[in-house]
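Trainee: Could you take me through one part of this model in detail, keeping to what can be read from the coordinates? I would like one connected account rather than a list.

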Amino acid sequence: MNASSTLRKRSLSVRTRSNGAASAVEGRTADDDAESLGEPVSPSARLVEEYFIVVVIGLGAPINQSSGRAGIGATIACYPRFHSIQATDKDGTLRWVRTTVDLDYHIIFPMLDTAAVLVNPDQAVEDYVASLSTKPMDHSRPMWEFHILDFPTSEATATAVIRVHHSLSDGTSLLMLLLSSTRSAADPSKPPALPPLPARTGAIYVRPRPPMSAGSLAFALWLWSFVLLAWHTMWDAAIFISTILFRKDTQTLFSCTDHGNRRPNRIVHRSLSLDDVKFVKDAMNCTVNDVLVGCTDAALSRYYYRKSGDNKTGKEIRLRSVLVVNLRATTALHECVSMIQSAKGSDVKLGNQLGFIILPVQIAMHHDPLNFIRKAKNTVDRKKSSLEVAFTHVAAEVVHKIFGRKAGAYIVDRMFSNTTTLLSNMIGPVEQVEFCGHPVVFIAPSQYGLPQAINVNFNSYVNTVRVVLAVDETQFPDCHELLDDFVESLRIIKDAAEKHGSHDMKA
C-alpha cells in the first residue's frame with residue numbers, strides 16, 4: 001500500500017466548541033480526497049486560539065446582496081485558510097483540512113432592534129460589534145464571518161464587520177487579503193494603488209558596512225553597533241523573561257481587572273489627519289510610527305491625570321505596551337497582492353508571522369508636548385538596535401514545541417497579562433477603494449480575547465489615520481472621551497511642531 005492511499009484512509013477528528021470547551025467529534029474521514037489532509041497547524045496559530053480579529057468597514061453605498069455575496073465567494077472564501085478547518089489526524093497531529101464553505105452561514109444579516117437603530121444607529125453598530133466578543137465561533141466550520149449592517153450611520157451608508165479567528169491570519173496578512181480583494185474606486189477595472197515600498201529593504205537592525213575609504217573609525221563604529229545589538233538583545237530578553245515570571249506593570253485605571261471572565265470588548269474608533277501626522281514627522285525628523293507612539297502616550301496621559309486626579313507628576317508609573325511587529329519582508333505586501341492578482345492566490349501564505357516589543361508608556365505632564373515625540377523616537381530607535389522582536393517570536397514557538405501548546409500559550413498570555421496595552425500600526429490603501437462593488441469609507445481593525453483592558457490600533461487609509469480602541473466596556477464606559485484625547489493630543493503636538501518650525505526658521 002503506497003503513502004497516498006494510507007493518507008486517504010486516515011481518520012480525522014474535527015475540533016469544535018461546545019459551551020466554551022473543546023471537544024472532538026469523530027467521523028470525518030479523508031477517503032477519496034488525499035488533498036484534503038493539509039499542512040499541520042503552525043505553533044504560532046496554536047498560541048492564539050483564544051484571540052479574534054475584528055475589522056469594521058464603513059461602506060459608502062447600500063448593500064447589494066448579490067454582488068456582495070458573489071464577491072466574497074470569489075475572493076475571501078477561495079483562499080485555503082478560509083475554506084479549511086482544524087482537525088486531528090490518526091497520529092494526533094492538528095492539521096488544516098479543506099472543507100465546503102456555506103456562504104449562507106458565513107454571511108450574516110442580523111436582525112437588530114429597529115427602534116434602537118432609528119434612535120442612534122452609531123450606538124446600534126457599536127453595541128452589535130461589542131456583542132460579538134461574547135459569542136463563540138463554531139470550530140467545525142471555517143472560522144470567519146461577515147456581519148452586514150445595512151443601515152446608515154454618521155460616517156457610512158452601511159457597515160460590514162469581519163470576524164476572523166486569529167489562527168487563520170494575523171492583522172497584516174488579513175489586510176493583504178482584503179486589499180487584494182478590492183478595486184480602485186476611481187477606476188473599478190484596475191486594482192488599487194499599493195502603499196510605497198519603504199526605503200529599508202533588510203532587517204531593521206542591519207547597519208551597512210562602511211566603504212574602506214570611510215576610514216578605521218567608521219569601521220570600528222560599525223563593529224561597535226553589533227556589540228550594542230548583542231547587549232540590547234540580552235537586556236530585552238531578560239526584561240521579557242522577567243515579565244513572564246514576575247514583572248508586572250503598576251496597577252492603574254488602565255490595568256485589566258477581569259483576567260478570568262473576559263468581559264465584552266467595546267470597539268470604538270475615530271479618524272485623525274494623516275497630513276498632520278506627517279507634518280509632525282517631518283518637523284521632528286522621525287517616523288510616522290514614532291508620532292503615533294508619542295500621541296498614544298500623550299492621550300493616555302491626558303486621560304490618566306483627568307480621571308485619577310493624581311497630580312504627582314514625579315511619581316514613577318510603570319506602564320508598558322506590547323508593540324506588534326510584522327516579521328515578513330518589507331516587500332511582502334506587494335508580492336502577495338501581485339500573486340493574488342495573477343491568479344496564484346493559493347500560493348500565498350497567510351498565517352501568523354508576528355513578533356513583539358515591550359515598549360514603555362510615558363505617563364507624564366510635559367510643558368513641551370513635543371517631548372512625547374522625542375521620547376517615543378528615542379525609545380523606538382533603541383528597540384531597533386535589538387533582536388527582541390525575533391526573540392519573543394522564537395521563544396514562544398520553542399516552548400510550544402518542547403513543552404506543548406499550553407506552555408507556549410501561557411507565555412503569550414503572561415506577556416499580555418503583565419503589561420497594560422497592545423499597540424499596532426498598519427498601512428492601508430493609499431487611494432479610495434471598492435470592496436465587492438461598494439465604496440469603502442473607512443477601515444477599523446482591532447481584536448479581542450487578550451487579557452488586557454485596552455488595546456490601541458492604528459490603520460491608515462487614503463489621507464486619514466484611524467485610531468481604534470478595543471476596551472473593557474465595564475472599565476471604560478467613557479471610551480469616547482479617550483478618543484477625544486487622541487484627537488486633542490495630535491492637535492496640541494502639531495501646534496507645537498508648527499511653533500518649533502517657525503522658531504527654527506527665525507533662528
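Mentor: Let us begin with a single pair in this predicted model: W144 stands opposite V164 in strand 9. That pair belongs to the pairing of strand 8, residues 144-149, with strand 9, where six bridges join the two strands and the sense is antiparallel. Further along, H147 has V161 as its bridge partner in strand 9.

Strand 9 also pairs with strand 4, which covers residues 52-59, and here the sense is again antiparallel, over eight bridges; within this pairing, L59 has A158 of strand 9 as its bridge partner.

As for burial, strand 9 spans residues 158-165 and is mostly covered, with eight of its eight residues buried. Both of its faces are covered, since the buried set comprises A158, A160, I162 and V164 on one side and T159, V161, R163 and H165 on the other. The charged side chain of R163 is thus listed by position among the buried residues of the second side, together with H165.

Stepping back to the sheet, seven strands form an open arrangement in the order 7-8-9-4-16-15-10, and the pairing across them is mixed. The edges are strand 7, at 107-108, and strand 10, at 182-184, each of which pairs on one side only. Helix 7, residues 171-180, packs on this sheet and touches strand 4, strand 9, strand 10 and strand 15 (433-435), while its direction makes about 35° with that of strand 4.

For comparison with a contact between helices, it helps to recall that two packed helices are described by the angle between their axes and the distance between the axes. Helix 13, residues 388-403, and helix 14, residues 405-417, have axes that come within 6 Å and cross at roughly 155°. Angles over 145 degrees count as roughly antiparallel, and helix 13 and helix 14 are therefore roughly antiparallel to each other. The crossing of helix 13 past helix 14 is right-handed. On the helix 13 side the contact is made by A396, V399, H400 and F403, which meet R405, A407, G408, I411 and V412 in helix 14. Sorted by class, this contact of helix 13 with helix 14 holds six nonpolar, two polar and one charged residues.

Terms used: Residues are numbered from 1 along each chain as its sequence is written. This is a predicted model: local features need pLDDT of at least 70, side-chain atom pairs count only at pLDDT 80 or more; totals for chains, interfaces and linings use all residues. Side-chain values use heavy atoms; hydrogens and water are left out. Axes are lines fitted to C-alpha atoms, for helices over the stretch in contact, and angles run from 0 to 180 degrees between N-to-C directions. Helices (H or I, at least four residues) and strands (E, at least two) are DSSP runs, numbered from the N terminus. Angles under 35 degrees count as roughly parallel, over 145 as roughly antiparallel, 65 to 115 as roughly perpendicular and the rest as oblique. A crossing is left-handed if the near helix is turned anticlockwise from the far one by less than a right angle, and right-handed if clockwise. Contact means heavy atoms within 4.5 Å. Buried means under 20% relative accessible area, exposed over 50%, partly exposed in between (1.4 Å probe, protein chains only). Two strands pair if DSSP finds at least two bridges between them.
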